[in-house]
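These notebook entries record what I looked up in one structure, entry by entry. I began with a pocket and then turned to a helix, the cores and two single residues.

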Amino acid sequence: MKFGLIREGKNPPDRRVVFSPEDFLTFKNNYPESNFKVETSNIRFFKDEEYAKLGFEVSNDMNDCDVLFGVKEVPVSQLIPNKTYFFFSHTIKKQPYNKKLLQACIEKNIRLIDHETLIDENGHRLIGFGRYAGIAGAYNTFRAFGIKYELFYLTKAESLKTTEDLIERLRRPYFPPIKVVLTGAGKVGMGAREILDGMKMKQVTVDQFLNKEFDEPVYVQIDIQDYYKRKDGSEGSREDFKKHSDQYESDFERFANVADIFIAGHFYKDGSPKILTKEMLNNAHNNIKVIGDVSCDIDGPIDSTLRVSTIADPFYGYYPRENKEVSIEHPAAVVVMAVDNLPCELPQEASNAFGKVFLKDIVPAFFNNDKDGILERATICQDGKLTERFSYLENYIK
């Protein structure tokens, strides 16, 4: 079997990679019966020379590889028929902008395995960049706050190297006694919390956040049972919400009325109720000034997320009265940060962490006949058709 690292072809460019040179070498040493190849790239954080020095063939031709590893979606024109591909396809929520990509994978007889669909027998994600999305997203949100109110100027995260570098920058500025609300307790939410804790920002309870004034910056981390409530007034729970999300509605306005900054790190499932609506943002009592939508679902739970922003131009203004985009300098603008490829700002750290988990939890499945079903569960299409687990996408691709 021959494994290949492909060049990222999506624009804007993504500098991450599934395996750093050292991790790819570990892969090779652990399974010497296999062959390995690296597609040449002037985008990747790790240079071609770093792979070549470790003995890897670097080439423009990947046709002789059986399994190809990428990070973001592969452009349709670059897909090689009859291969197994790993990348984030962004198709399993029926995203309309990637319908042609999934259609092409089926037409080209490609076995598509999405990093997002790599789960254990209990349905828990095995791998992802969520932690680094949370880390970079929280940093960018504070950067937006400093720019909006001309309090301080933080250098872009992409010009720094590590999480510690980001935290060190955030310890310098003087923050007024702001309140920060963070949604989500998964990898994204906990990544954002690393920044808040690293800054030595004080964590408070929901009751304290809603009802008490502070003379220092504080944050509260909330989850489903805090920002949603049952419509019938009965007590809700995470498990109940997962089964009956249609019976819930937002209870977030109480946070919007006291928070200065909202960092959105929750998981959102299609069909779930909105969390922060345009009506809440247009309410005279709304206090939110900056929104860092790390989860970044367009037409999702945060009405101010009108579009995806970019690392090059990460912020835009949202004018609640007219529900439209304006300049961040507009006096009534809520500043929105909605970058959808935040881990790209920490490419070295994110790639190193991703590769190590991939080596530990995914790679063995290629050599033990997939005894735990990891690859089988994650396969979206194979042999020219959708697999049974993803048959719900049939109407989406027609």
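**Entry 1: the second largest pocket.** I worked from a predicted model. I sorted the lining of the second largest pocket by residue type and obtained 10 nonpolar, 4 polar and 3 charged residues. I then looked up the volume of this pocket, which is about 280 Å³. The lining comprises 17 residues, and the closest to the pocket centre are L281, N286, P320, A332 and V334.

**Entry 2: helix α6.** I checked the length of α6, which covers residues 187-198. Its 12 residues, at 1.5 Å a residue, should span 16 Å, and the end C-alpha atoms are indeed 16 Å apart, so the expected and computed spans agree. Next I asked which residues of α6 are buried. They are G189, G191, A192, I195, L196 and G198. I noted for my own reading that an α-helix has 3.6 residues a turn, so residues three or four places apart point the same way. I then looked for what covers the buried residues of α6, and found among the covering elements the helices α4 (130-148) and α5 (163-170). The strands β7 (179-183), β9 (218-222) and β12 (261-264) also take part in this cover. After α6 comes K200, which has a positive phi, near 65°.

**Entry 3: the nonpolar cores.** I turned to the largest nonpolar core, which holds 73 residues. The members that touch the most others are F19, F27, F69, F86, F142 and F358. Helix α4 contributes the most to this core, with 9 residues. A second core, separate from it, has 32 residues, including I222, F252, A264 and I288. In soluble globular proteins, nonpolar side chains tend to be buried together. I also listed the contacts of F358, leaving out residues up to four places away in sequence: V18, F19, F69, F86, H115, L118, I127 and V363.

**Entry 4: F24.** I located F24 in helix α1 (residues 21-30). Is F24 buried or exposed? Its relative accessible area is 0%, under the 20% limit, and therefore F24 counts as buried. Beyond four places in sequence, F24 touches F3, L5, F19, F36, K37, V38, Y51 and F56. I also looked up the separation of F24 and V336, which lie 312 residues apart along the chain; their C-alpha atoms are 38 Å apart.

**Entry 5: T305.** I found T305 in the loop between β13 (290-293) and β14 (315-319). T305 is buried because its relative accessibility is 3%, under 20%. Setting aside neighbours within four places in sequence, I recorded contacts of T305 with D293, D297, I298, D299, Y316 and A338.

Notes:
Residues numbered from 1 in each chain as written. Predicted model: local features only at pLDDT ≥ 70, side-chain atom pairs only at ≥ 80, totals over all residues. Heavy atoms only, no water. 1 Å grid on protein atoms, 1.4 Å probe; cavity = no way out; pocket = protein on both sides within 12 Å on 5 of 7 lines; lining within 4 Å. Points joined across faces, edges and corners; volume = space filled by probe spheres on them. Nonpolar A, V, L, I, M, F, W, Y, C, P; charged D, E, K, R; others polar. Helix = DSSP H or I, 4+ residues; strand = E, 2+ residues; numbered from the N terminus. Expected span 1.5 Å × (residues − 1). Buried < 20%, exposed > 50% of the residue type's maximum accessible area, 1.4 Å probe, protein only. Contact = heavy atoms within 4.5 Å. Core = buried A, V, L, I, M, F, W, Y, C linked by side-chain atoms within 4.5 Å.
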